Amino acid sequence: MSTFRFALTAAAFALVGTAASAHDFTVGPLKIGHPWTRATPAGAKVAGGYLSIQNTGSAADKFVGGSSEIAGRVEVHEMGVKDGVMTMRPLDAGLEIKPGEKVELKPGGFHIMFLDLKRQLKQGERVKSTLTFEKAGTVEVEFVVDAVGARSSGEAGAGQHSTH
């Protein structure tokens with residue numbers, strides 16, 4: 001019986017280890033780290049998406065957009081402050097990721113905009129999306145939905161993120 005328990009324990013740890021690494025994605029030389037978004041109030045029409053992109057290759061690439069099961073459109077945006085005024089604009093030409101560079105898409109900076117939301121996003125769920133890059137092509141990812149006011153992934157509670 002103790003051999004059986006050991007096997008079950010080992011299998012459980014193996015599954016947790018697999019799930020822990022399952023929230024990073026790769027397309028060509030690009031590594032996409034921990035996509036996340038925030039829960040939305042009922043009736044919201046937009047949401048932001050956040051992640052990191054690391055270029056391990058020898059040539060630059062551009063993140064140009066994507067698609068999602070939850071949105072009519074997905075765009076790459078930049079937020080910043082100009083003359084004391086916060087501005088946000090789409091990056092129509094995409095976001096360049098130079099060789100060896102890691103770009104963070106996060107609140108208050110570069111980010112993804114999910115536009116024309118089809119439904120409310122609820123904390124704890126995962127949202128399937130596709131990211132599109134100029135050279136590397138497309139990659140299927142899942143965004144974990146964090147709390148409404150989260151400033152970084154996992155802020156609402158470590159328990160909900162123990163599986164990725």
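Contacts between parts of the chain that are far apart in sequence are a good place to start: in this predicted model, residues 24 or more positions apart account for 65% of the contacts with a separation of 6 or more. Keep that figure in mind as we walk through the elements that the chain forms.

The protein has eleven strands and one helix. Follow the sequence from its start and you meet the helix before the strands, in the pattern α-β-β-β-β-β-β-β-β-β-β-β. Of the 164 residues, 36% are buried. On the outside, the accessible surface comes to about 8,900 Å², and carbon and sulfur atoms hold 56% of that area.

Now let us look inside. The largest nonpolar core brings together 29 residues. Those with the most contacts inside this core are Ile 32, Ile 53, Phe 63, Ile 112, Phe 114, Leu 131 and Phe 133. Strand S11, which covers residues 137-146, supplies the largest share of the core, with four residues.

Phe 133 is a handy residue to click on here. Setting aside residues up to four places away in sequence, Phe 133 touches Val 27, Leu 30, Ile 32, Ile 53, Phe 63, Val 64, Ile 97 and Val 139, along with Asp 61 and Lys 62. Among these partners, Ile 32, Ile 53 and Phe 63 are also on the list of residues with the most contacts inside the core.

Next, the aromatic rings. A pair of aromatic rings is described by the distance of the centres and the angle of the planes. The model has three aromatic pairs. One of them joins Trp 36 and Tyr 50, whose ring centres lie 4.7 Å apart with 40° between the planes, a tilted arrangement. This pair links distant parts of the chain, 14 residues apart: Trp 36 sits in strand S2 (residues 30-38) and Tyr 50 in strand S3 (residues 46-55). Are these two residues buried or exposed? Trp 36 counts as buried because its relative accessibility is 6%, under the 20% cut-off. Tyr 50 is buried too, with a relative accessible area of 5%.

Our last stop is His 77, in strand S5 (residues 71-82). With a relative accessible area of 6%, His 77 is buried. Its side chain makes a polar contact of 2.8 Å with the side chain of Glu 75. Which residues does His 77 contact once neighbours within four places in sequence are left aside? They are Met 88, Arg 89, Pro 90 and Leu 91, together with Gly 109, Phe 110, His 111 and Met 113.

How values were computed
Residues are numbered from 1 along each chain as its sequence is written. This is a predicted model: local features need pLDDT of at least 70, side-chain atom pairs count only at pLDDT 80 or more; totals for chains, interfaces and linings use all residues. Side-chain values use heavy atoms; hydrogens and water are left out. A nonpolar core is a set of buried Ala, Val, Leu, Ile, Met, Phe, Trp, Tyr and Cys residues joined through side-chain atoms within 4.5 Å. Buried means under 20% relative accessible area, exposed over 50%, partly exposed in between (1.4 Å probe, protein chains only). Helices (H or I, at least four residues) and strands (E, at least two) are DSSP runs, numbered from the N terminus. Contact means heavy atoms within 4.5 Å. Rings of Phe, Tyr and Trp (its six-membered ring) pair if their centres lie within 6.5 Å; planes under 30 degrees apart count as stacked, over 60 as edge-to-face and the rest as tilted. Accessible areas come from the Shrake-Rupley method with a 1.4 Å probe; for residues, only the protein chains shown count as cover. A polar contact is a pair of N or O atoms within 3.5 Å; within protein, one must be able to donate a hydrogen and the other to accept it, and residues adjacent in sequence count only if both atoms are side-chain atoms.
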